[in-house]
Amino acid sequence: MTPLYPAAWDEIDAPQMGVEPPGPRSREVLARIERNAYPGLSGGLTPLALASKRAWTVTDVDGNVYLDCASASASVPLGAGRAEVQEPAIAALKRFGNEDSHALVSELTAELGERLLALSPSSLTRYDIALNGTEAVEIAIKMMRRATGRPIILAFHGSYHGESTTTAALGAETSEIARGLRGLVPGFVHVPYPHAYRTPFREPRPGGTGDATVDYIRDHVLFHALDPADVAGVVIEPVLGSGGCVAPPDSFWPALTALCREHDWLLCADEVKTGMGRAGHLFAVERWGVEPDLMCLGKALGGGVMPIGALLGSERALGTFDDVPTGSTWAWLPGGCAAALATLDLYESEPVLENVAALGTVGAARLAELRERFERIGDVRAIGCFQAIEFVRDRQSAELDSRLQNAVAAEMLRRGVLADSSTTSINIQPSLVMPAATLERVYALVAESIQAALDAESA
Ligand SMILES: Cc1ncc(COP(=O)(O)O)c(C=O)c1O
């Protein structure tokens, strides 16, 4: 085993905050963007402009150095600036530039497809190429309908699957994401995610499936509203990512897979965010021994260096027909394949998953302390390097308090911690190779930030 990251990263000393963000140079860059970019882009930007990134830090143009617990929407798994990934990608870019891998392929395509299938659950024997996670999910939807001849896909409240027209309609993280689309993109039926803190279904019913969510699907959705013979299958994030780092209870998976078998549905795991180790296993479905019919990959697959996505499938889902056009011009460009192969090499040679377990332990302990200390934290969750804090007005009502969440996120930024302040929680998603002591530092700053936000609220 080689060490977890380049030795020089041991000397990193962060955060270092010289000026309040956004500093003057950041403000200048942001103002230029605001002047003529789509307001929905400029309005959502973190208030700083990047100068550079290294390992688990981000430096802004005003010289502030932040601890990065956003990891570029969880697409940078092994720290920024990994020469081991960049160099093969650059070599492939120099050698090939782009080529449309739907027409002309190199050995890199064959090798990456073989490696991904060898690493994934044994139900998966075929692959198709994609540029990113969104495209992988788009292809999955087409394949599920083609393989079964059925139109409807069952998906979950709280799930995020992308922003394209179809993936936005498949997702249901918040109703806003599919605003204006719901009535135009039919074919998706949503049920609550098996979310211990927020589910409306408390206990499985006696004599039912053994799981409360699957009981609801069977007893209500399929009985009253949806003929199972119209359903192609289920698309699910095995651990909810953007929607708040939520793992279903163990009872869910056997009940769900039995339901899929009973009705001949395909089960598609969207592992775009969970895949490549973030939830503690290389693929999150491994935790429960689930053998999906389809698996979508993206984000971290390119090692944080190149965009690349993939769809893996069973023979039934992806191996028995050839008449579904898929993908786009830059899917599996040679540089992307080279980055993905180098990334897989690092997962093999470095103790990445062991470090994810250690960071998960730190997160669980510190989050439990925070919940103990602050009444306004409703729930905390740590699943490997998916860690979340949910703020509420009070514990009795459990009503989300997004104002407090935003205030805490702003205090964290002032103290030099970047995280993903999402729709229902602050998600702390560090690099999978961050040292445990650095994550301890993050949590000390998170505690200070919550206290400061509460003090400001009561001032
Ligand atoms: C679970 C999941 N699926 C799909 C996507 C879409 O991936 P991308 O935006 O990289 O295309 C995302 C992105 O956040 C995701 O989290």
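Which residues are around the ligand?

## Ligand surroundings

In this predicted model, the ligand is surrounded by Asn132, Gly133 and Thr134, by Tyr160, His161 and Gly162, and by Glu237, Asp270, Val272, Lys273 and Lys299. By residue class, this shell is made up of 2 nonpolar, 5 polar and 4 charged residues.

Polar atoms of several shell residues can be placed relative to oxygen atoms of the ligand. For Thr134, a polar side-chain atom is 2.6 Å from a ligand oxygen, and for Lys299 a polar side-chain atom is found at 2.8 Å from a ligand oxygen, whereas for Gly133 a polar atom of the backbone lies 3.4 Å from an oxygen atom of the ligand. Of the 390 Å² of accessible area that the ligand has on its own, the protein covers 85%.

## Helix α14

Helix α14 runs over residues 436-458 and comprises 23 residues, which at 1.5 Å a residue should span 33 Å; the C-alpha atoms at its ends are 33 Å apart, so the expected and modelled spans agree.

The buried residues of α14 are Thr438, Leu439, Val442, Tyr443, Leu445, Val446 and Ala447, followed by Ser449, Ile450, Ala452, Ala453 and Leu454. An α-helix has 3.6 residues a turn, so residues three or four places apart point the same way.

## Ala258 in helix α9

Ala258 belongs to helix α9, which covers residues 252-263. Its relative accessible area is 33%, and because partly exposed residues fall between the limits of 20% and 50%, Ala258 is classed as partly exposed. Between Ala258 and Arg287 the separation is 29 residues in sequence, and their C-alpha atoms are 17 Å apart in space.

Terms used: Residues are numbered from 1 along each chain as its sequence is written. This is a predicted model: local features need pLDDT of at least 70, side-chain atom pairs count only at pLDDT 80 or more; totals for chains, interfaces and linings use all residues. Side-chain values use heavy atoms; hydrogens and water are left out. A residue is near a molecule or strand if one of its heavy atoms lies within 4 Å of it. A polar contact is a pair of N or O atoms within 3.5 Å; within protein, one must be able to donate a hydrogen and the other to accept it, and residues adjacent in sequence count only if both atoms are side-chain atoms. Accessible areas come from the Shrake-Rupley method with a 1.4 Å probe; for residues, only the protein chains shown count as cover. Ala, Val, Leu, Ile, Met, Phe, Trp, Tyr, Cys and Pro count as nonpolar, Asp, Glu, Lys and Arg as charged, and the others, Gly among them, as polar. Helices (H or I, at least four residues) and strands (E, at least two) are DSSP runs, numbered from the N terminus. The expected span of a helix is 1.5 Å times one less than its number of residues. Buried means under 20% relative accessible area, exposed over 50%, partly exposed in between (1.4 Å probe, protein chains only).
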